[in-house]
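Biologist: I would like to learn how to read the packing of helices and strands. Could we go through an example together?

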Amino acid sequence: MGRFDGQVAVITGAARGQGRSHAVTLAEQGADIVAIDIAQSIPSVPYALATPADLKETARLVESLGRRVLAFEADVRDQDALDHAISSSIAAFGKIDKLVVNHGIGAFKNFWEITDEEWTDMLDVLLTGTWRVTKAVAPHMIERESGSIVMIGSVNAVEPGVEYSHYNSAKAGVVAFSKNVALELGRYGVNCNCVLPGAIDTDMVNWPGFYEHALGPGKGREELEFSMANWTALKGRGFIQPKAVSDTVAFLLSDEAKDITGVVIPVDAGHLNLPGYNGDPVRA
């Protein structure tokens, strides 16, 4: 018996990275999956986003576990596309039990240099998109008086970072929104919580422009991996693998967490507990 046998989970940003990890983890524990992703790049984002092939691979991985899956190429900025994905999923599966609002983009620039397009895209994807997909699912959960929601924030939601003003502002909004959703849906038996990932090893940080942004010109993946230990507190930690976030998401969606709502949980190897920069990490 799996934790989520007979249940259906919707996951946004499911084509790769954390989203794919969430889909596979929940499928391993019995859930059927609705995988939603834009599956195309956005001009204001400085690295390539997921592709249709990535989304198909997520679907293949779920199916290889013997679970059903529906995959939708949908932009979280498009309410009609989200409403269609959700209504189609309810028609196919009969219900939606879980929602993981995982999608996201990243970029970096001084706040006075950010263009209107860059600011708007960041807020529209991260924050407004979170509202849109939750709004699409909420009436169904309210009608059933049942459901569980996890929103993916970031440690950047609660700490400043140079050249991250639009990203941090949006993620801070996700945290605040998750608490309001928890309060408003609690009377219908629906809980909502927020996870704050730290430095997770995904494509958002695994590209040359990010290496140089984080460490300076000419730096690469190897130097970035080495430096990550300075931003964690636990022995032997650097980059955190997406599965660590997925395991926390699965717990919060499970019956074991049915009495937990409105909380914010970091998955950051102690990053937010550091009194600044860890100048003496234990690397092994």
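**Helices and sheet**

Modeller: Let's start with a pair of helices: α3 passes α4 in a right-handed crossing. A crossing is right-handed if the near helix is turned clockwise from the far one by less than a right angle, and left-handed if anticlockwise. Helices (H or I, at least four residues) and strands (E, at least two) are DSSP runs, numbered from the N terminus. This is a predicted model, where local features need pLDDT of at least 70, side-chain atom pairs count only at pLDDT 80 or more, and totals for chains, interfaces and linings use all residues. Residues are numbered from 1 along each chain as its sequence is written, and side-chain values use heavy atoms, leaving out hydrogens and water.

Biologist: At what angle do the axes of α3 and α4 cross?

Modeller: Two packed helices are described by the angle between their axes and the distance between the axes. Here α3 (residues 79-93) and α4 cross at roughly 35 degrees, with axes that come within 9 Å. Axes are lines fitted to C-alpha atoms, for helices over the stretch in contact, and angles run from 0 to 180 degrees between N-to-C directions. Among the residues making the contact (heavy atoms within 4.5 Å) are Leu82 and Ile86 of α3 and Val133 and Val137 of α4.

Biologist: And how do α4 and α5 cross?

Modeller: The axes of α4 (residues 116-144) and α5 (residues 165-185) come within 8 Å and cross at roughly 15 degrees. The two helices are therefore roughly parallel to each other; angles under 35 degrees count as such, over 145 as roughly antiparallel, 65 to 115 as roughly perpendicular and the rest as oblique. Their crossing is right-handed. The contact involves residues including Trp119, Leu123 and Trp131 of α4 and Tyr167, Val174 and Phe177 of α5.

Biologist: Now the sheet: in which order do the strands run?

Modeller: Strands of a sheet pair through backbone hydrogen bonds, either parallel or antiparallel. In this model, 7 strands form an open sheet in the order β3-β2-β1-β4-β5-β6-β7, with parallel pairing. Two strands pair if DSSP finds at least two bridges between them. At the edges are β3 (69-73) and β7 (264-267), each pairing on one side only. Between β6 (residues 190-197) and β7 there are 4 bridges, and Pro197 stands opposite Val267 in β7.

Biologist: Which strands does helix α2 touch?

Modeller: Helix α2 (residues 52-64) packs on the sheet against β2 (32-37) and β3, its direction making about 170 degrees with that of β3. Helix α8 (residues 242-253) lies across β4 (98-101), β5 (147-152), β6 and β7, and runs at about 150 degrees to β5.
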